[in-house]
Amino acid sequence: MNTPVCPRSRAASLALLSFFIFHSALFIGRAAAHTISGQVSSGDTGSNLHGASIEILVLNVRTISGEDGGFEFANVPAGEHTLVFNYSGMETIRKSVTVSAAAPAVVNVEMHAPVLRMDAFVVTGEREGNAASIVRQRAAESLRTVLASDALGNLPNDSIAEVITRMPGVVGIMDANGGLGLDGATVRGTAGNLNTLTIDGFAQASYEETGRGGDLRILFASMFEDIEIIKAQTPERRADSLGGTINLNSPSLFKMKQRRRTTYNLALRWAPPFYDPIPERAKRPIHPQFSFSHRHMFDVFGGRRNLAISFNAGYREVAVGVRTAYSTYRNNITTNEMTVAGKAVPDDVGVYYSRMRDFSNLMITKNFSLKTAYRISPHVEFNADFTYTDNSTPGLREMERIAEASQTLQYDPLTGLSTGGVIKPGYTNSYTEVEPNGTGSHSRVTLANSLISSMIRLRGVTTGAKIKYGRVEVDIAANYNHRHANAVSGKGYGRHNGSDFTYRVNGVGWIYDRGSSVLNQTLTQTAGPDWFDINNYGTLSGSIRDYTNYVEVYTVRGDLRWKIPATFPLTLKTGVWANRENRGVNRYNTKSYTYAGISSLSSLMDTSIDASFADEQNPWPFLSPTLIADDIFENPSNWQENIYTNTMNRLKSLRSLTEDVGAAYVQANMRIGPLSIVGGVRVERTETDVRGNVQAQTLSTTAERAADPAGAAMRDYGSARHNKGGYNDAFPSLHLVWNFTKNFQARASYSTGIGRPSPSQLYPAETVYEPSPTYPNGLVSYNDPSLKPQHARNWDLSLEYYFEPVGQLSVGGFYKQLSDFIYRDSRGTVPEGPDNGFGGLYAGYDLNYNTNGGDAWIKGLEISWQQDLSFLPGILRRLSVFANYTWMDTEGDYDNDGKNDTELVNFVPQSGNVGLTFRYKGLTARATANYTSDYYNTSSSNEVSRVFAEARTIINLNLSYMLPRSRLTLFADCANVTNVEQRWYLYKKNVDRPYRVTRSVPTITFGVRGSF
C-alpha cells in the first residue's frame, strides 16, 4: 500500500526551496577572471590541512581548505591583498599577494603548532588529530560531534566502540555477554536499530539480518581518521536516522604531504589473575593484537603525486570472560501470604529462580583494506577502495546452573505442604528455602553447556569519480558491502564437535543465600537426589546448530555542486541516490535431539572443564558438548531426532527481504556576512518485498505428527507468503550558523528523519489461535508488510566557543518530536471476503499486529568541553582535559493507549565522560571515566517484572612513553581498573531486588607503536 507525501511536509519543502531559488537569482553576478589559490599544510607532521580558514581581510570573504589542503578564491579584484590563515592548534599566518590578470596568484603555506613544535612526532600528530576534528566540527554545515580516532591515545582493543561511547549523547547498552552492545549504540535516547552506520557516507550492512544496527565492535579504529555523530541531517544525507547518523571517515589519501608514511602497533592483552577471572577465561590470559598501515604517493604517467595508495592490515584477539548471576522473585503474591507475612505490601518476596552463568569467548578479527586514488588532472580524480574483514569466534562457551521452584505459594501454616515444590516461610529478598514434595519438576536444578562457533564476513567495494569543470563539481560513486554470517556448534567449520544441550535433576530442595554479593551467592542442597552426581540427571535435550544468513547493501549516488558567482558565497547542490538491501537466511540446518539411550551420562562428561562456581564445594557435572556431538553421529540409536520441530524451524527460517530506496534532493549553501545558511529538501520512495512461510489455519494432530513428522510440519508451516509495501516521505531541513567572533558561533537547526521498521517486523508471520476460552473469537497474530517508519522532527540550538591553541566549549539544547511509533495493537477483527488479507480465512477472528501510532517528545541538554591548559603556569601547562554531559527527558504515548509514559526502554536519561591527560617530554598519562545513569531496561505489563539498570562508572588508565630521539612509543592501558559490575534490578530502582549482575574481567594491554 502506498502512502502519499504529507501535504504539510510538501508545502514546507516547496516554500524552503522557493526561498533559496529566489535569493539565488537575486544575487547572481558575473564572474571575474582573477583568482587566488593554494595549499595549506602542517610543517610539523607534513599533512595537508583540511578545514583551514582562509580570509581576505579587505573583501571580508572567507573559505576553508579542502581534503587535500587546497583552496581557491574567485572573483578577486586586481591589486594587493592580505590573506589570513587560521587552524585550530596552529599559529596564525598572514600572507600578502598581488592579483593581476597576467596569471592566477598561488599561495602555499606551512602552519606550525606553537607549543609542541619541538615535541615528538607522535605527540604532535595526536594533538593535530584533535585539532582536525575540532576544525571539522566547527566548519560543519549542520550540528554534529566529531572526534579523532586517536583522540584518546592508544585504544586497548583498537575498536571504534571504545571511541564512540566517549562522545556526548551516545550510550552503549551493555549486553548479556558483558559487552557494550554496540551492534546498535543509542544516540540521543533512540535505539541503535533506528540510526544508521555509514562509512564515508555509505550505509553499512547491519549486524544481523533481522535488525538494522551496525556492529561497531568489529571495525578497527586505526582504519579511520575520525568519527562524527550527525545529529541534524542535511538533505544530501540519508534520512533514516531517528537519533543521529554515525559516520566513520577514512583518511583522505591526498592529505599526506610526505611521499610515504608507515605506522604500526604491536600489543598483548592480558587478563591478570588477581582480578579473579572465570576458570575458562583464565586458561589463556594473554592475547595478541597487531595493526599496520602504509600510505604512499607516486608520480605516474608524467604527473606529480597523482597516484595515492593506502594499505591497512590488522589482527586482533579479544577474549571475554563474564560471570553473571540472575535472580527472579515471586510476583504472584497471594492474600494468604500477605496475612502470614503481616504486611499489606510485601517488600520481601523470595527468590524462586537462581541462575549462574559463565560465558567465555575468543573473538578473532582479521582486517585488510586497500584504497587508491588517481588524479588524471587537477580537475579529474578516480578512486577505488576494497575492505575485507573476518570476525570469528572459534569457541564460544556457556555454562549455566539454574535452580528453580514453583512460583506459586503452596505452604499453608495450618494444613502444611501441598503438592509440588514449596517456598518455605522466613524468606527475604536475599534468602529463600525451597522444600520439595515428591519427585516432580516443581523444584529442580538444570545444567546447560554449549560450545558454538561463528564466522562473520564483511566485504566492501567502493568506486567513484570526481570531476571539476569551472564552478561545477560532479561526484559519482557506487558502493557494495555485505555481511555474511554462519554459526555452527563447536570449533572450526564443517565439524560437528560442539552442541547446545540441557539436562536436569528433579525433586531437590535447596537454600539460596546471596548475602552481600550476588556473584558469590551460596546454593546449598537440603533434600532430594545428589545434584553433584551425573547419574541423577535426565531429560537430556538440545541441538546442533548450523545456519547462515546475509545482509547485502548496494548504493549508487550522483551529486552535482555549482558554485554560483554572486555578491556572497553561494553554492547549489543536487543529487540522486539509490539503495537496495537484500537480507535473509541462506541455510538453516539446525537439528534438535533428545537422549534416548539407557547408559549412564557419565561417558559424556569432560573432566577437563572447570565447572565450579564461586559458591560450590564440588564441581557441577557438566557434560562435554564435543562428546555429545560425537555420540550423536557415532551412536545414532542413542538419540531421537525431533523431526517435526526441525522441519518446522527450517520452514519458518526461510525468509527474505528486499528493500529499495530511491531519493533525490536539492540543497543550498550561502554565507551573508556572519550568517551561514544551509537548507533544502530530500524526497525518498521506499518499497519492500518480503517472502516467507506462515502457519496453516488448522495444525496437524499428534497422531499425524507421529506418523509423518516431516510431512505434517510441511503442511503446518509451509504456506508461502509474498507481500509488498511502500511509502513516500519528504525531509526538509534548515541550518543556521551565526559567527559572533572568529571563535564564537551559534547554531540553530530544524531537521527531519525516520526510523525504519526492523526486518523482523516485516517478515511474513502468522500465528492462528482457534476459538477457545482464552480466545473466544479466535486470534490471528501477524506482521504487516506495509508498516511505516517512525518519524522525528528535530529542533537544535547551541553555542560554541573555540579556544586556542586547541579546544572548544559547546552548550546545546534539543527537542525531538516523535510520531508513528511501532507498537502491537489488539484492536479490530478479520473482515469477511476473499480479499481480507488471509485468503478469505479467519473471518471474525480478533487481530494482533504491529502498527503505527502514538507520539512523544525527547528534550535534552548537551555540554562538551575540550581544552589544552597551556595557559597554566609551570608544568601544569602540560595538562589537557575533556568532559561532556548529556541530560534527557521523555514523555509521550508510546503505544497509542491514551496514557502518558515517562519511561522508554533503554532510554538513558544521563550520561557523561571526563578525561585528564598529562604530557611531559615523552611521557603521556591519561585517565578517563565513562558514566551512565540508571535507566529502564525491560518493559512488562506486570509492574514487579520490570527491569532497571543501575548507574555505573567505568575508569580506564593509559600510560605511554616515547623513547628519546625516536618514533617508538611504549604503552600500557588498563580497562575498568576498579572492576565495576553492571547490575539490573527488578520492580523499582530503590528496592533491593537484583535481577542480573554481570562482571567482566578487567584487562591490561601493553605494547609498542611507532612510525617511519
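## An open five-stranded sheet

In this predicted model, five strands form an open sheet with mixed pairing, and their order across the sheet is 8-13-14-11-12. The edges are taken by strand 8 (144–148) and strand 12 (202–203), each of which pairs on one side only.

At the edge formed by strand 12, the neighbouring strand is strand 11 (residues 196–199), and the two run antiparallel, joined by two bridges. One residue pair can be named here, since T198 has A203 of strand 12 as its bridge partner.

## Antiparallel pairing of strands 43, 44 and 45

Further along the chain, strand 43 pairs with strand 44 (residues 910–920) in the antiparallel sense, over nine bridges. Within this pairing, V881 stands opposite L916 of strand 44.

Strand 44 also pairs with strand 45 (residues 923–932), again in the antiparallel sense and over 10 bridges. Y920 has L923 of strand 45 as its bridge partner, and the hairpin made by strand 44 and strand 45 has two residues between the strands, of which K921 takes a positive phi near 55 degrees.

## A nonpolar patch on the surface

Which residues make the nonpolar surface patch of about 620 Å²? The patch is made by Y801, L809, V811, L861, I863, W865, Y885 and W887. At least two of its residues come from each of strand 41 (807–825), strand 42 (846–868) and strand 43 (879–893), and strand 42 gives the most, with three residues. Strand 43 therefore has two roles in this description, as a contributor to the patch and as the antiparallel partner of strand 44.

L861, one of the patch residues, is found in strand 42. Its relative accessibility is 31%, so L861 counts as partly exposed, and the value lies just within the patch criterion, which asks for over 30% relative accessible area.

## Confidence along the chain

The mean pLDDT of the chain is 84, and 88% of the residues reach 70 or more. Over residues 14–32, however, the pLDDT is below 50, although this stretch has 31 contacts in the model beyond near neighbours in sequence.

Among the elements of the chain, strand 37 (residues 744–755) has the highest mean pLDDT, at 96, while helix 5 (residues 335–341) has the lowest, at 40. The pLDDT also stays under 50 over residues 333–345, a stretch for which the model has 14 contacts beyond four places in sequence.

Notes
Residues numbered from 1 in each chain as written. Predicted model: local features only at pLDDT ≥ 70, side-chain atom pairs only at ≥ 80, totals over all residues. Heavy atoms only, no water. pLDDT = per-residue confidence, 0-100. Helix = DSSP H or I, 4+ residues; strand = E, 2+ residues; numbered from the N terminus. Contact = heavy atoms within 4.5 Å. Patch = residues over 30% accessible without salt bridge, like charges linked within 9 Å, V, L, I, M, F, W, Y side chains within 5 Å. Areas by Shrake-Rupley, 256 points an atom, 1.4 Å probe, with all protein chains shown as cover. Salt bridge = Lys/Arg side-chain N within 4 Å of Asp/Glu carboxyl O. Buried < 20%, exposed > 50% of the residue type's maximum accessible area, 1.4 Å probe, protein only. Pairing = 2+ DSSP bridges.
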